[in-house]
Amino acid sequence: MGTYFILIDSFRRNIPHFFESPILGPFLLSGSAATLAWWLVWPIENMKSQVQGNFGKEQPLKHRLQATFRERGVTGLYRGIGPGTLRSFLANGTSMIVMSNAQKLVTKLGLRD
């Protein structure tokens, strides 16, 4: 989660004109930041899903990662990343649009400085 906020802050500082657009800019930047953050932790997310599905539940994380890598290689660690990327991009992009517009409304109503 920290990676997401670091990326959003970097985007705001380095390409602020994207946030001037009320819909497209925040959608693209938040979707991109969330997706990049998910890609970093995807192997661990994949292992969590295996535990939830009772696959190798008794194994420690390290052994499960090693076994998956041995059996399927790097692609095994990133299994399901396509649908996960799509979900992450759409959900987080949409959330940023809602948050940006809510902040503007709160400011317009004089409910914050």
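**Exercise 1. The surroundings of Phe 18**

Leaving aside neighbours within four places in sequence, with which residues is Phe 18 in contact?

*Solution.* The model is a predicted one. Begin with the position: Phe 18 belongs to the loop that joins H1 and H2. Once its neighbours within four places in sequence are left aside, the contacts of Phe 18 are Gly 25, Pro 26 and Leu 29. Next, consider exposure. Buried requires under 20% relative accessible area and exposed requires over 50%; Phe 18, at 31% relative accessibility, therefore counts as partly exposed. Finally, compare sequence and space: Phe 18 and Trp 42 are separated by 24 residues in sequence and, C-alpha to C-alpha, by 27 Å in space.

**Exercise 2. The geometry and sides of H1**

Determine what span is expected for helix H1 (residues 2–14), and state which of its residues are buried and against which helices they pack.

*Solution.* The expected span is 1.5 Å times one less than the number of residues. For the 13 residues of H1 this gives 18 Å, and the end C-alpha atoms are 18 Å apart, so the two values agree. The buried residues of H1 are Tyr 4, Ile 8 and Phe 11. These residues cover an arc of only 60 degrees around the axis, and therefore lie on the same side of H1. The partners of this buried set are helix H2 (24–52) and helix H5 (81–108). On the face of H1 turned away from the buried side, the exposed residues are Ile 6, Arg 13 and Asn 14.

**Exercise 3. H3 and its crossing with H2**

Describe helix H3 (residues 61–72), and then find how the axes of H2 and H3 are oriented.

*Solution.* The 12 residues of H3 should span 16 Å at 1.5 Å a residue, which agrees with the 16 Å between its end C-alpha atoms. Arg 64, Ala 67 and Thr 68 are the buried residues to consider in H3. Their arc around the axis is only 100 degrees, which puts them on the same side of H3. They pack against H2 and helix H4 (74–77), whereas the face turned away from the buried side carries the exposed residues Lys 62 and Arg 70. Just after H3, Gly 73 has a positive phi of about 75 degrees.

For the crossing, two packed helices are described by the angle between their axes and the distance between the axes. The axes of H2 and H3 cross at roughly 100 degrees and come within 10 Å. H2 is therefore roughly perpendicular to H3. On the H2 side the contact is formed by Pro 43, Met 47, Gln 50 and Val 51, and on the H3 side by Leu 61, Arg 64, Leu 65, Thr 68 and Arg 72. By class, the residues of this contact are five nonpolar, two polar and two charged.

**Exercise 4. H5 and Ser 88**

Establish whether Ser 88 is buried or exposed, and place this residue within its helix.

*Solution.* Ser 88 is located in helix H5. With 28 residues at 1.5 Å a residue, H5 should span 40 Å, and the separation of its end C-alpha atoms, 40 Å, agrees. Ser 88 has 0% relative accessibility and so counts as buried. Residues up to four places away in sequence not being counted, Ser 88 touches Ala 34, Thr 35, Trp 38 and Gly 93. The buried residues in H5 include Gly 84, Ser 88, Gly 93, Met 96, Ile 97 and Ser 100. Among the elements that cover the buried residues of H5 are H1 and H2. After H5 comes Gly 110, with a positive phi near 75 degrees.

How values were computed:
Residues numbered from 1 in each chain as written. Predicted model: local features only at pLDDT ≥ 70, side-chain atom pairs only at ≥ 80, totals over all residues. Heavy atoms only, no water. Helix = DSSP H or I, 4+ residues; strand = E, 2+ residues; numbered from the N terminus. Buried < 20%, exposed > 50% of the residue type's maximum accessible area, 1.4 Å probe, protein only. Arc of directions from axis to C-beta. Contact = heavy atoms within 4.5 Å. Axes fitted to C-alpha atoms, helices over the stretch in contact; angles between N-to-C directions. Parallel < 35°, antiparallel > 145°, perpendicular 65-115°, else oblique. Nonpolar A, V, L, I, M, F, W, Y, C, P; charged D, E, K, R; others polar.
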